[in-house]
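The exercises below concern helix packing, burial and model confidence. Work through each task with the structure open, then compare with the solution.

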Amino acid sequence: MDTGQPKKEMFETPETTFKGPCAKPPDEIHTPLEYFKNFITDDMLLLLMEQTNLYSVQNSNHLRNVNTTVKELEILIGLYLRMGLCQMPGNRAYWENDTRCPMVADNMSRNRFQTLLGSLHFTDNTDLLHRDAEDKCWKICPWLEMFRNQCLDIQMVPFKGTHSPIRQYVKGKPHPWGLKIWARCSSSGMLHDFVVYQGGTGKKTLLGIGGDVVESCVKLCQLSKTTKFLLITSPQPHVFVSLKMKKSLAQRGRGSVDARVNKEESMVIVKWYDNKSVTLISSYCATEPQDTIRRWSKSGKAFVEVKRPHIVKEYNTFMGGIDLLDACIARYKYHMKSQRWYLYLFWQTTMLGVVNAWLIYRRDCKLLGVQKVRVGVPEDVQTDEVAHWPVKCEKRGRCKNCKVNATTTLCEKCDARLCFTEERNCFKSYYYQR
């Protein structure tokens with residue numbers, strides 16, 4: 001889509017409906033952890049481990065290394081997700097005697113947890129050669145780029161601190177103060193792409209900030225020939241001069257519409273006037289077939305029939321992906337306070353990975369006809385060698401390993417009965433000798 005004045009020969013009356021192929025079913029269902037690892041990958045955790053250890057040395061007077069590992073960082077992320085399920089007013093409450101949460105306190109000490117939080121880092125502060133002076137998110141840029149590559153409307157990350165150079169205020173939002181993220185989502189709430197808004201550059205463009213973002217979304221969508229997109233935008237009137245002006249549509253009355261198609265880029269631009277004019281861009285639908293909807297008329301004090309283009313119907317049908325994504329995140333997100341503002345983006349990407357993994361897991365189960373979604377402990381969690389503590393219970397049960405002895409010892413994490421005596425140690429055999 002050109003940012004300048006479009007040529008008349010580029011746009012024609014819409015005659016074609018653009019279509020794309022549907023998603024193909026997967027070969028098999030993987031565990032939920034494997035789906036999560038598709039977004040928070042081992043390479044990302046390795047980067048986090050290296051930079052965290054490096055930062056701890058650089059930030060210490062005695063050159064002390066926090067000496068963390070990928071496995072410990074996985075535990076840290078797991079503790080954060082658990083905190084979202086059982087939220088308390090502060091981090092320390094999870095280790096206090098009166099409010100102790102065993103699934104948090106038993107997996108990491110409070111001092112170690114606080115030490116890791118204070119050392120989390122994503123890039124080398126001393127590497128001035130590879131730092132972009134105009135990039136305000138350079139401290140977390142490598143992590144964001146790696147996460148964005150795994151993902152390929154506006155989303156607000158709640159943040160009230162005053163130390164962030166990219167903090168924004170958006171009136172009318174549930175969290176008006178925050179870090180703004182331009183996101184591209186499907187109607188299911190799945191995140192496909194995002195850009196962190198770092199504030200205006202001071203340069204005036206024909207499309208404005210919102211229009212530039214929409215244009216970049218269009219170009220990103222068209223990189224994949226199988227992607228269908230439908231975007232709503234409000235470009236400045238002089239950009240699309242071939243479309244009728246707002247006053248002209250208003251004079252024709254509610255339901256008036258004008259549209260143009262760019263066949264070279266398989267894109268249609270439609271302007272429709274209801275209470276006010278709206279502009280939509282799509283790669284697969286245009287104005288036809290039109291239908292009618294009921295609208296309240298203030299002047300006539302009654303409902304009237306208004307013509308609606310097909311592109312508006314499609315938008316109303318599939319809109320709400322961003323709102324659905326935000327709702328899924330807000331349901332179990334723990335607000336970890338920090339003076340380092342970029343850590344809010346780190347925890348946000350973690351929650352985005354969880355939501356995306358869950359949505360893809362459910363989609364694959366549906367495509368393969370899996371009726372019951374797994375709710376137990378998957379095998380890859382059973383063999384992770386983390387926090388499998390033997391505890392005593394009142395009810396006896398058959399050992400899951402030897403299938404012979406009845407025992408009152410079970411794994412606190414997996415809820416599996418296992419022998420744990422001097423003669424036999426099925427607990428060790430079941431978890432550590434596979």
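**Exercise 1.** Determine which residues of helix 6 and helix 11 meet, and how the two helices are oriented.

Solution. In this predicted model, helix 6 contributes Trp 143, Leu 144, Phe 147 and Cys 151 to the contact, and helix 11 contributes Leu 345, Phe 346, Thr 349, Leu 352, Gly 353 and Asn 356. Sorted by class, the contact holds 7 nonpolar and 3 polar residues, with no charged ones. Next, take the geometry: helix 6 spans residues 141-151, and its axis lies 11 Å from that of helix 11 at an angle of about 15 degrees. Angles under 35 degrees count as roughly parallel, and helix 6 and helix 11 are therefore roughly parallel to each other. The handedness of their crossing is left-handed.

**Exercise 2.** Classify the packing of helix 10 against helix 11 by angle, and list the residues in contact.

Solution. Helix 10 covers residues 321-332 and helix 11 covers residues 342-367; their axes are 10 Å apart and the packing angle is about 110 degrees. The range for roughly perpendicular is 65 to 115 degrees, so helix 10 is roughly perpendicular to helix 11. Helix 10 passes helix 11 in a crossing that is right-handed. On the helix 10 side the contact involves Leu 325, Cys 328, Ile 329 and Tyr 332, and on the helix 11 side Gln 348, Met 351, Leu 352 and Val 355. The class count is 7 nonpolar, 1 polar and no charged.

**Exercise 3.** Identify the buried residues of helix 5 and the helices they pack against.

Solution. Within helix 5 (residues 110-119), Phe 113, Leu 116, Leu 117 and Ser 119 are buried. These buried residues pack against helix 2 (42-58), helix 3 (70-85) and helix 11.

**Exercise 4.** Decide whether Thr 126 is buried or exposed, and place it in the chain.

Solution. Thr 126 sits in the loop between helix 5 and helix 6. Its relative accessibility is 54%; the cut-off for exposed is over 50%, so Thr 126 counts as exposed. For a distance check, the C-alpha atoms of Thr 126 and Gln 58 are separated by 9.2 Å, with the two residues 68 apart along the chain.

**Exercise 5.** Find the average pLDDT of the protein and two stretches where the pLDDT is below 50.

Solution. The average pLDDT is 75, and 71% of the residues score at least 70. Residues 1-23 have a pLDDT below 50, with 49 contacts in the model beyond near neighbours in sequence. Residues 235-241 also fall below 50, with 19 such contacts. Where pLDDT is low, predicted coordinates should not be read in detail.

Note on methods
Residues numbered from 1 in each chain as written. Predicted model: local features only at pLDDT ≥ 70, side-chain atom pairs only at ≥ 80, totals over all residues. Heavy atoms only, no water. Axes fitted to C-alpha atoms, helices over the stretch in contact; angles between N-to-C directions. Helix = DSSP H or I, 4+ residues; strand = E, 2+ residues; numbered from the N terminus. Parallel < 35°, antiparallel > 145°, perpendicular 65-115°, else oblique. Left-handed = near helix turned anticlockwise from the far one by under 90°. Contact = heavy atoms within 4.5 Å. Nonpolar A, V, L, I, M, F, W, Y, C, P; charged D, E, K, R; others polar. Buried < 20%, exposed > 50% of the residue type's maximum accessible area, 1.4 Å probe, protein only. pLDDT = per-residue confidence, 0-100.
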